[in-house]
Amino acid sequence: MALGRVGAGRFATSAVAWLAYLIMLAPIGAIVWLSLFDSDIIAIPPPGYSLRSYQSMFASGNFIASFRLSLVVAVGATVISLALGTLASIAIVRGKFPGSDILASVFLAPLAVPGIVLGLAIYIFFFKVGAAIGIRIAGTMTSLILAHVVLTLPWTIRFTSAGLTTIDKNLEDAAMTLGAPPLRTFWHVTFPLMRASLVAAAVFAFLTSYNALEMSLFLVGPGMTTVPIVLLQRVSWNFDPSVAAMATVQVAISAVALIILTRLVGAERIFGGQRSS
Amino acid sequence: MSNDARQAWQLGWLAAPTCIVLLFSFVFPLALIARYSVNEFVPGELMREALTPANYARFFTDDLFQRVFATTLGISLASSFVAVLVGIPTAFALRRFSPRWRSVLITLLLFPLLVVTVVRAAGWVALFNERGALNSFLLALHLTSEPVRFLRTAPALIVAMASSLLPYIVISIDSVLQSVPRELEEAAMVLGAPPHAAFRHVILPLILPGIVTGFVLSFILSMDAYATPLLIGGSAIRMMSPMIYVQVSELQNWPFASAISIVLVVTSLVVSGLITMAATQKKWR
C-alpha cells in the first residue's frame, strides 16, 4: 500500500512538472506560432501560414532603425563592460588590497536595484549634469550605452572573475620569473586561458543589454527606440503578426546565446544562483 | 613591503576605471533620487528644493497609491507562492531523469530566463486575449459560450508572473536537493509514514533553505516587474514599477517618482529580510 502511494506521488509530481514546463514555454511557443500567421491581424485559427510577417517586419523602417540602435548599444556596452570587467576582476581576484572583498560585492550591487529605479536615477542624474555643463547627455546614445554598461558590468565581472579563479596563478608567476613583463604575461598566458569565460561574459552582456527594457525607458526618445521598447509599445497598441515576428527574432537570439553559454560554462552554472533581470 | 605584495597591492588600481563608472552612473544617481524624494513638486516648474516628507506621506495616505502598494505586495507574494507550489514537485521530478535528459531539461528551464520579459508577456497576451488561443480553445470545446476575460484579471497576471519565476525556484530547490538522498523520502513512506508526513518531517526541513532563497528572489523580481503587469494587468491591476514611469513620463513629477522608487527598494529589502528571518527561526520538525 505504501508503495502504491509512492507511485501516486510520482505520478502527481510528474504531472505538475509537465504543467510547469507547459506554462514556462507556452508563451514563447505562442509568439513563434503567431509570427507564422498568413494574415495582417491576429485571428485564431489563422487563414493559413506563411513568412509574410517577416517580410513586413523587414520592410518597416521603424523596426530596422530599432534593431540597428539595439545592436549598436549592445555591442558598445559589451565592449566597454568587458574591458572594465576584466580589469576589475584581475584587481579583485589577483590583487591584495584593503577592502577588495567589499569591492567585489559592491560590483554586484546594480543587480539588486530594480531596473526602473536605476533607469530613473540615471536619467535624472544625466539630465542634471547635462544641464549644469550645457551639454545634452540624457537621451543620447552615449547615455544609453553608459546605462547598459552599469547593467552588464556585474555579469562580466562575475564571469571573468570565475574564469580567473580557475587559472593556476603559478603559470603567471612562472612567466614573470622567466622575465616576461606583467602585460606580456597577461596577453600570452592569462588571456588565452580565460578566453572561454571572456566569450561567455561577452555573450551574456550582449544579451542583457539587447534585452534591457526598464533601464532604457527614460533614456530613449522619439526616433531613437530600442527593440524591447518598440515591442512593448506595439504589443499594447497594435499587436499584429509582424510584432510576433520581431519577438521571434528576440527568441532566436536568446536561443543562440543559450547554446553558446551551455557549451562554454555548462547549463547549471550560467546563473549560479544569482539573480538576473 | 615585499615586491610581490606591492605588486598585488598595485593590481588594485585596475579596479579604478570600474569604480569611477559605477560612481557616476550608479552611486551618484541613486543618491540624487534619494535626495529628490524629499523635494517639493510644483506643477509647471518641475520641483523646488525642500526637505519634506510630503511625497512619502502622499504615497501612503492617498487611496490610489495605497491600492497600488497593496496590489504590488499581494501580486508579488501570490506569484512567488504559486511558483513555489509548482516548483517543488518540478524539482523532485527532475531528479528522476538520467543525467543526459536532466541537463536537457535544465537548459529548457534556463531558456525562458534569457528570453526578454516583454516577449513572454506578449505570448501571454496572445494566449489570454479575448480572441486569443485559450478562448478559441474553450469555445471550440463548448466549455464556454462567450469569451472569458483573462486579461486585466489578477489570476492571469499571477500565472504569467509565476511562470517567469519558476526557473529561479526550480534551480534553487534543485541545488539543495542534490544533497538529499533520493531514497530518504521513499524510506520514510515504506516505514509507514503517509506521503505528506514524509514530506513535511523528512524532506521539507532539508530543502527549506532552497525554498526560502527561491521565494525571496522571486518576491524581489515580482516587486520590480514592469512589462508583465503593464501588458497583462493593464489599467485594472497597477503595480509600482509602471507607476514610477507614469509619474515621470506623463506628470514630470520627479520627487514623487523618486519617493516611490525608494519605497519600492526599501519594501523589497525589508519584506525579504522578514521572510528569511521567519523561515529560519520557525521550527519545522
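**Entry 1: A:Met215**

I count a residue as buried if 20 or more other C-beta atoms lie within 10 Å of its own. I kept that cut-off at hand while looking through this predicted model. My starting point was A:Met215, which sits in helix H10 (residues 214–217) of chain A. Is A:Met215 buried or exposed? I found 27 C-beta neighbours inside 10 Å, so A:Met215 counts as buried.

Next I asked which residues A:Met215 touches once its neighbours within four places in sequence are left aside. The contacts are A:Gly115, A:Leu118, A:Gly119, A:Ala147, A:His148 and A:Leu151. I also checked A:Ala121, which is 94 residues from A:Met215 along the chain. Their C-alpha atoms are separated by 9.7 Å.

**Entry 2: confidence in chain A**

I looked up the pLDDT of chain A and found an average of 86, with 95% of the residues scoring at least 70. Residues 273–277 of chain A are a stretch to flag, as pLDDT stays under 50 there. The model has eleven contacts beyond four places in sequence for that stretch. I made a reminder for myself: where pLDDT is low, the predicted coordinates should not be read in detail.

**Entry 3: chain B as a whole**

I moved on to chain B, which has 13 helices and two strands. Its radius of gyration is 24 Å, well over the 19 Å that the globule rule gives for 285 residues, so chain B is more spread out than a compact globule. Along the principal axes, I read a C-alpha trace of about 80 × 70 × 35 Å for chain B. Of the 285 residues in chain B, 45% are buried. I also looked at the contacts in chain B with a separation of 6 or more, and 71% of them join residues 24 or more positions apart.

**Entry 4: where the chains meet**

How many residues does each chain bring to the contact? I noted 83 residues from chain A and 77 residues from chain B. On the side of chain B that touches chain A, helix H2 (residues 16–36) gives the largest share, with twelve residues. I sorted that side of chain B by type and got 56 nonpolar, 17 polar and four charged residues.

**Entry 5: the core and helix H6 of chain B**

The largest nonpolar core has 164 residues. Those with the most contacts inside this core come from both chains, among them A:Ile31, A:Leu120, B:Ala122 and B:Val125. H8(B) supplies the largest share of the core, 13 residues.

I followed B:Val125 further and found that it touches A:Val235, A:Phe239, B:Leu151, B:Leu231 and B:Ile232, not counting residues up to four places away in sequence. B:Val125 is one of the buried residues of H6(B), as are B:Ala122, B:Arg120 and B:Trp124. How many residues of H6(B) are buried? I counted twelve of its twelve. Helix H6 (residues 117–128) of chain B reaches 16 Å from its first C-alpha to its last, close to the 16 Å expected at 1.5 Å a residue.

**Entry 6: B:Val148**

I closed with B:Val148, in the loop between helix H7 (133–140) and helix H8 (154–177) of chain B. B:Val148 has 14 C-beta neighbours inside 10 Å, so I put it down as partly exposed. What does B:Val148 touch, not counting residues up to four places away in sequence? I found B:Asn135 and B:Leu138. B:Leu204 is 56 residues from B:Val148 in sequence and 38 Å from it in space, C-alpha to C-alpha.

Methods:
Residues numbered from 1 in each chain as written. Chains lettered and ligands numbered in written order. Predicted model: local features only at pLDDT ≥ 70, side-chain atom pairs only at ≥ 80, totals over all residues. Contact = placed C-beta atoms within 7 Å. Helix = DSSP H or I, 4+ residues; strand = E, 2+ residues; numbered from the N terminus. Nonpolar A, V, L, I, M, F, W, Y, C, P; charged D, E, K, R; others polar. Core = buried A, V, L, I, M, F, W, Y, C linked by C-beta atoms within 7 Å. Expected span 1.5 Å × (residues − 1). pLDDT = per-residue confidence, 0-100. Rg over C-alpha atoms; globule rule 2.2 N^0.38 Å.
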